[in-house]
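Hi,

Here is the structure I promised to pass on, with my notes underneath. Have a look at it first, then read on.

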Amino acid sequence: MQLWTVQPYNVYETLTATGIYKCNPHLSSLLEEDSFINAYKWISNEMKNRVGNPSADITFPVWAWYRVDGKNRRPDMRTIGMRVFEESVLMEIEIQDNKVLLSDFDHWHLVLNDGIFYKASLLENISSEEWELETDKEDVYYENLSDEEKITYKENSWKNIFSPDIVSRSAYVQATFWELEKEQIKKVWKLKGYHKNKYML
């Protein structure tokens, strides 16, 4: 599977020196926030169930892009959503399909924000009126659950971000995997940083 990952330049240096990179949660600013920690724990458990357990020294996965703007292609780092503000590298990588978990990027934010993935999202060509009707019904059902049942219901709904139907029609698809090996790198672009609205590549 062809993927693209953006990492700080020091991660790339570690990767080329040691031959392997694994997520170090102590160096991630995102993992200082509870919402990210909880979401990362959840997707890590899903990965264990779907692609297998990592080695004992791995807690969280490495992230990459599989599809950007509807295409399996290298992200354009000049666009707002892709910008980085430190010296980084963009790597094109190749990883075995059975070691990767794909998920819908937009609906991933439901996990981050502790929201429900509504069943109506699974329906194609649904009108706004039908959407409101279906989500209202689901809200009523959800509110009548116990606190423990609500947690289970909500977390089970999140599994739809991996649904083949959802992923196949998603314009932005992210990929997670446990570790990156030097041999899996196919191309590298050094991003020297953001300057006057342009990247120096």
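To get you started: in which loop is Asp69 found? Asp69 is in the loop between strand 3 (62–67) and strand 4. I'm picking on this residue for its backbone: Asp69 has a positive phi of about 55 degrees, although it is not a glycine. Most residues other than glycine have a negative phi. As for cover, Asp69 counts as partly exposed because its relative accessibility is 46%.

There is another aspartate to look at in this respect. Asp114 has a phi near 60 degrees, again a positive value in a residue other than glycine. You'll find Asp114 in the loop between helix 3 and helix 4 (128–143). With a relative accessible area of 45%, Asp114 is partly exposed too.

Before going further, please keep in mind that this is a predicted model. Everything below is computed from it.

The overall picture

The protein chain has 6 helices and 10 strands. Its C-alpha trace spans about 55 × 40 × 30 Å along the principal axes. Is the chain as compact as a globule of its length, or more spread out? A compact globule of 201 residues would have a radius of gyration near 17 Å, and the chain has 18 Å, so the two agree. Of those 201 residues, 41% count as buried. The contacts are also telling: among those with a separation of 6 or more, 80% are between residues 24 or more positions apart. On the outside, the chain exposes about 11,900 Å², and carbon and sulfur atoms supply 47% of that.

Two cores

The largest nonpolar core has 21 residues. Those with the most contacts inside it are Tyr40, Trp42, Ile43, Trp108, Val111, Ile161 and Phe162. Helix 2 (34–50) and helix 3 (105–112) are the elements that give two or more residues to this core, and helix 2 gives the most, with 6 residues. There is also a second, separate core of 20 residues, which includes Val62, Val89, Ile93 and Val173.

While you're at helix 2, click on Ser44, which lies in that helix. Ser44 counts as buried because its relative accessible area is 2%, and the cut-off is under 20%. What is Ser44 in contact with, leaving aside its neighbours within four places in sequence? The answer is Thr59, Phe60, Pro61 and Trp178.

Strand 4 and its partners

Strand 4 (residues 88–94) is worth a look as well. This strand is mostly covered, with 6 of its 7 residues buried. Strand 1 (residues 2–8) pairs with strand 4 in the antiparallel sense over 7 bridges, and Trp4 stands opposite Glu92 in strand 4. Strand 4 also pairs with strand 8 (residues 185–191), again antiparallel, over 6 bridges. In that pairing, Val89 stands opposite Lys190 in strand 8. You may remember Val89 from the second core.

Helix 1, one side at a time

Which residues of helix 1 (residues 9–18) are buried? They are Val11, Tyr12 and Leu15. These three cover an arc of only 100 degrees around the axis, so they sit on the same side of helix 1. An α-helix has 3.6 residues a turn, so residues three or four places apart point the same way. The buried residues of helix 1 pack against strand 1, strand 2 (20–22), strand 4, strand 7 (179–181) and strand 8. On the other side of the helix, Ala17 and Thr18 are exposed. Just after helix 1 comes Gly19, with a positive phi of about 90 degrees.

One last residue

Finally, have a look at Glu148, in helix 5 (residues 147–158). Buried or exposed? Glu148 counts as exposed because its relative accessibility is 65%, and the cut-off is over 50%. If you want to try the distance tool, Glu148 and Pro25 are 29 Å apart in space, C-alpha to C-alpha, and 123 residues apart in sequence.

That's what I have for now. Shout if anything is unclear.

Cheers

Technical notes. Residues are numbered from 1 along each chain as its sequence is written. This is a predicted model: local features need pLDDT of at least 70, side-chain atom pairs count only at pLDDT 80 or more; totals for chains, interfaces and linings use all residues. Side-chain values use heavy atoms; hydrogens and water are left out. A nonpolar core is a set of buried Ala, Val, Leu, Ile, Met, Phe, Trp, Tyr and Cys residues joined through side-chain atoms within 4.5 Å. Buried means under 20% relative accessible area, exposed over 50%, partly exposed in between (1.4 Å probe, protein chains only). Helices (H or I, at least four residues) and strands (E, at least two) are DSSP runs, numbered from the N terminus. Two strands pair if DSSP finds at least two bridges between them. The radius of gyration is taken over C-alpha atoms; the globule rule is 2.2 Å times the number of residues to the power 0.38. Contact means heavy atoms within 4.5 Å. Accessible areas come from the Shrake-Rupley method with a 1.4 Å probe; for residues, only the protein chains shown count as cover. The arc is that of the directions from the helix axis to the C-beta atoms.
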